[in-house]
Amino acid sequence: MLNKPTAFPICTIANTPRLPEHCIEWASVLEWPRVHGDKKMDTDDPEHIGWLYQTALGRAKEFNIDGVTWSLTQGVVKNIIPAIASTNAIIAESVYSYTFEHEQRKDCPVCGGEVLDVAISREWTVERFIEWLQEKQDVQIKKPSLSAGGKNIYLQAPPQLEQATRPNLEKKLSDLVSNGGDITVTATTLPFNLTLRVNYTSS
């Protein structure tokens, strides 16, 4: 029995997973290429499946998500999940296709690809702005790095650049980026660069 493809916004996979499948997709789509580079994933290699399983399991524990198993991991990466026995009958050795599409929603500030206008206080420091990004429900970016106009405002890594840009944390963002200017936000958990256009308020 063929199942209709399930579309998961990639920003959900990257930042706000709610299902074990989200964690497995994160491990295979985002973490595998980040850790292994151009090395091709072999879904028939037990070592590769084991790495994905352990990585997805760690991700699931971080977000208090249950249900990541070896068989589910193998099923997700192969786009096949064993059928579940019903109360009336056990369907032996039956499988159905389960395809994930990485959907980019236009209304999502992370994966929509558009410049997002934000209104913030002119008095905010860079550090306060970063805290706001981490708290903002529709963004929720862990450890964001900021740049504007080709210049680094604050970088989380590597350590040398973090140390070099750390003094900017105490500076007012309005002193570094003009009103209506664009800020590029990057993070290891963010699959796309996020562009924010800042509009300052007096409060």
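Okay, quick definition before I start: I call two strands paired if DSSP finds at least two bridges between them. And keep in mind that this is a predicted model.

So, strand 6, residues 145-148. Its pairing with strand 8, residues 182-186, is antiparallel and runs over three bridges. If you want to find it on the screen, look for Ser145 opposite Thr186 in strand 8, and Ser147 opposite Thr184 in strand 8.

Now stay on Ser147, which also stands opposite Asn152 in strand 7. Strand 7 covers residues 151-154, and with strand 6 there are again three bridges, in the antiparallel sense. Those two strands make a hairpin with two residues between them, and Gly149 in that turn has a positive phi of about 60 degrees.

Over to strand 8. Which of its side chains are buried? Ile183 and Val185, which point to one face, whereas Asp182, Thr184 and Thr186 point to the other face and are not buried. In a regular strand you'd expect that alternation between the two faces of the sheet. Strand 8 also pairs with strand 9, residues 194-201, antiparallel, over four bridges. Ile183 has Leu196 in strand 9 as its bridge partner.

Last thing, away from the strands: Asn64. You'll find Asn64 in the loop between helix 3 (46-62) and helix 4 (70-77). Asn64 isn't a glycine, yet its phi is positive, about 55 degrees. Most residues other than glycine have a negative phi. Is Asn64 buried or exposed? Exposed, with a relative accessible area of 72%.

Note on methods:
Residues numbered from 1 in each chain as written. Predicted model: local features only at pLDDT ≥ 70, side-chain atom pairs only at ≥ 80, totals over all residues. Heavy atoms only, no water. Buried < 20%, exposed > 50% of the residue type's maximum accessible area, 1.4 Å probe, protein only.
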